Amino acid sequence: MMSNTQLDDNTTLQLLRYEALFKLIDSISHLDDLTAIARQVTTQWKYFANVAGWHMVVPSSNGFTLIDGIKSDAHVARTASLSAWDDHHWRLRLPRLMAAHPTEALQHLPQALSGPTVCEILVIPLVRDDQTMGLLSVAARHTPFNELDKKFIRLFGRHLADHITTMLLRQQATRALIDQATHDALTQLLNRGTIIQELANKLALAKRTGQPLGVIMLDLDFFKRINDQYGHPAGDAVLCEVAARLQAQTRDGDSLGRYGGEEFLVVLYPCTDAEVALAAERFRLAIEEKPTLLADCPANAIDLSISLGTTCSAGQDAATVEKLLKQADEALYRSKAQGRNRVTRFGAPAAPMSLQGTS
Amino acid sequence: MQRYTLTEYDDASPAVREVYNDFMRTTGATSVPIWLKSLGHNGALAQAYWERAKGTLFHGSLPLPLKEMIVFVVSAKNCANYCSACHAQSVLSLDKTLTFDDLKTYLAGGSALKLPSYYRSVVTFADKVATDANSLEDSDFAALMDEGFSKEEICEIIAVIDLATMFNVYTSALRLDLDSQYCAIL
């Protein structure tokens, strides 16, 4: 009968491990979701290395990404700082092999590495060009790791850390590009094209569901004066302040965007005519109630106000994006004509001239 | 009495020949096995059996040697000569010094083969299912999950057991002769 050592070194068994390893590498290369990758790895480890559970740390923007896998389940988390276990081994940057005692748990051991079948823990720092690119801790099931296990764990660990780091960077870059294409660079609100598209999407939804949709167009009063008096940088600061206040008043699910120079558009769904009016008044008050302080000239507290026009799709079966924008714009024009710092609803009868409030 | 007829490649209809071709392309075999030729008189049946075998053995998460072991375990349990010999060969190729008897010793709980521990768990599970599928307990599933198997993988294990049972019934009822390359194994 052959010895265990001879069988462990058996070329055919090695080939089976390589086959399983390549199959896993191929299957995760098509995945873009880290949790799905982690689950695949957790289930497939056993086919090329005696791994019962694993814990991996990879640097990412704003901290670290943690991956834990045990049995057939896996979890991904993000953290700004490392746990005691990870911090110790990250700093040490040396491979470590530890026996798992049935009665005395290793200090700070991650949960994925513990369990009644675990007999040994292996920690492998993944280092390239003197930079730590990751930390992998694995637990052996029933029997200690043999040399083939360790070899395959190291091999796959490096590949996985590389793959995850590249994927996270790519996702971050894609998000940044999408943000750039859909958001206004100054105020970080949705840009004109995107807010109009939001209106189109929500109008289509409103027609399908029968629920009404509200539109508010608002414009900063006397903005040209602010620019002329305090300069364009101050004007930009004012726009950012206005955008932040409007954002704070915007419900989850509603959309706010910068429609023009000092013009903003809000899409509210679902929203009745009465609710649009309430929301508009809320926006108006948020701008009026507190002056803006310019950072460069703290003594200059600028009083701001906005004029608003509202409309609602209720009762308009043939509503289109263009019609709603035109209606909101007409109502806004009436707010300006009647003295500014007020809300006007499209279709409302003309009100007597007054300084502020809803008409 | 030979209980079956064989349709050789040259005598097969175009539809059956396409099934034969797909078998050889998928498995890398250079000839069509007896079990498939015995279905060659009926294109739909030949395709149905082959597609079932292909989908179960050549797709999914489980490695092929593990599936072959499962088929062997079930076939040995059902005393299906043809299937035992056919699928034992794949497992025995892991170590050329081993014999068919070593494999049978392993199934009986012996330690002739140094295989990963999860093989033992799967063999125990397959043996129980082959004996009586209704006797399975949640603890049997838990034991496999402790070895790292997901529910999806366990479902695949059961699918392989079921496939083996289907072929055991077919090959044993017809008392199929062994293909020449499997005769030496028994």
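Let me begin with A:Asp130, which is exposed, as 6 other C-beta atoms lie within 10 Å; by the definition used here, a residue is exposed if 12 or fewer other C-beta atoms lie within 10 Å of its own, buried if 20 or more do, and partly exposed in between, with C-beta atoms placed from the backbone. Please keep in mind that this is a predicted model, in which local features need pLDDT of at least 70 and side-chain atom pairs count only at pLDDT 80 or more, while totals for chains, interfaces and linings use all residues. Residues are numbered from 1 along each chain as its sequence is written, and chains are lettered from A and ligands numbered from 1 in the order in which they are written.

A:Asp130 sits in the loop between β5 (118-128) and β6 (131-141) of chain A, where helices (H or I, at least four residues) and strands (E, at least two) are DSSP runs numbered from the N terminus. Its phi is near 65°, a positive value in a residue other than glycine.

In chain B, B:Arg175 also has a positive phi, near 50°, and this residue lies in the loop between α9 (151-174) and α10 (180-183). B:Arg175 counts as exposed because it has 12 C-beta neighbours inside 10 Å.

Is A:Arg17 buried or exposed? A:Arg17, in helix α2 (residues 11-29) of chain A, is buried, with 20 other C-beta atoms within 10 Å.

Finally, a cis peptide bond, with omega about -10°, joins A:Tyr269 and A:Pro270, and A:Pro270 is found in the loop between β9 (263-268) and α9 (273-288) of chain A.
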